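User: Can you walk me through this one? I'd like short answers.
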2 protein chains.
Amino acid sequence: MELYSGYINKLIEQFAKLPGIGSKSAQRLALHIINMPPDHVEHFAHIMVEARKNVHYCKNCFTLTDKEICPICANLKRDHKMIMVVENIRDLAAYEKTGKYDGVYHVLHGAISPMLGVGPNDIKLKELVKRLEEEVDEVIIATNSSLEGETTAMYISKLIKPIGVKVTRIASGVPVGGDLECIDEITLLRALEGRTEL
Amino acid sequence: MELYSGYINKLIEQFAKLPGIGSKSAQRLALHIINMPPDHVEHFAHIMVEARKNVHYCKNCFTLTDKEICPICANLKRDHKMIMVVENIRDLAAYEKTGKYDGVYHVLHGAISPMLGVGPNDIKLKELVKRLEEEVDEVIIATNSSLEGETTAMYISKLIKPIGVKVTRIASGVPVGGDLECIDEITLLRALEGRTEL
């Protein structure tokens, strides 16, 4: 567009490449940057580059860290015999925020999806199996309850059970505070199947 | 949070300061940056700093540019005797995208708001009056149709009319309370066509 200078257009372009940022948001963010104090912008840019440079996967659970082992894996107070398997780091963050889970994690970085051509070798599954060489009591599968998440859960279960490790799946049902009439039929049926005695 | 390294937390913090970015979006964006190729991140950071460094207000209309005069003001094919007054650059962008307006602009960078303590001297009004020393046929007031926008329109009208310049206001085809940048082009054009003298 003629109306912006080359610099602004380039900055809008960069923002628009980020996930969930449309062209209007990108414009809003770029104009905000232009109006920020220059040293704040430099600080932001510096942090971006430094974060990218220093952060990598934890050797153990594949979450992100700037050390060799992430703080969760390095924490001896946590139960290292209980591994929760999640699709991505945001899912790990979601459980971690509850503050009530004291086991460790394993981040798959994806889910098996024949549609998208993602196979078992494209996610951190071999690495999970390798971790079971040490003593593990339970593997909790907390992949999403989407088609891909369920497929992945089934696959992991078949893979791990023969090793002799207990495999569990987080419950799927009506969310707390959820209104029954707003919930889809599959969830309602699953909540029914998974009913527990009171 | 223990779960992220210091670098990621700092990056999330930076993103969360941007307008319209909540804590979850900030997390998503930061994790995306960490997964981008390092040279792409450096390029993004570089563009951010360069844009901030090189972009400033056009001396004439106060939109952003990296030259002394913006491309719109420098364009001799446009009608320099018709000035559209807008609150901010995104509003200018919204009209410019219609591709049908061939006058020039004046960006106020705000609107008069007694509530927020923004007075006539806090926006680029003196600068607008100064531009009227040269021959101008019409000033089109395209401030938002919010309380602040209408107040500003009335103020400008009272200020400019005595100078003997025709002052018009875009039609209220624009929904009351609506933000110019969010409105479709046809409505914007209709509002332009239906402008009335104040």
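User: Which residues lie nearest the centre of the largest pocket?
Analyst: Thr143(A), Ser145(A), Ile170(A), Ala171(A) and Ser172(A) do, out of 20 lining residues. On a 1 Å grid over the protein atoms alone, a pocket is an open set of points where a 1.4 Å probe fits, with protein on both sides within 12 Å along at least five of seven lines; lining residues have an atom within 4 Å of a point. This is a predicted model: local features need pLDDT of at least 70, side-chain atom pairs count only at pLDDT 80 or more, and totals for chains, interfaces and linings use all residues. Residues are numbered from 1 along each chain as its sequence is written, chains are lettered from A in the order in which they are written, and side-chain values use heavy atoms, without hydrogens and water.

User: Which helix gives the most to that lining?
Analyst: Helix 8 of chain A, with four residues. Helices are DSSP runs (H or I, at least four residues), numbered from the N terminus.

User: New topic. How many residues does each chain bring to the contact?
Analyst: Chain A brings 57 and chain B brings 58. Contact means heavy atoms within 4.5 Å.

User: And how much area do chain A and chain B bury?
Analyst: About 5500 Å², with 72% of it on carbon and sulfur atoms. That is accessible area (1.4 Å probe) lost on being put together, summed over both parts.

User: How many salt bridges cross that interface?
Analyst: Zero, by the rule. It looks for a side-chain nitrogen of Lys or Arg within 4 Å of a carboxyl oxygen of Asp or Glu.

User: Which helix gives the most on chain A's side?
Analyst: Helix 3 of chain A gives 14 residues to the side that touches chain B.

Notes. Buried area = accessible area lost by both parts, 1.4 Å probe. Helix = DSSP H or I, 4+ residues; strand = E, 2+ residues; numbered from the N terminus.
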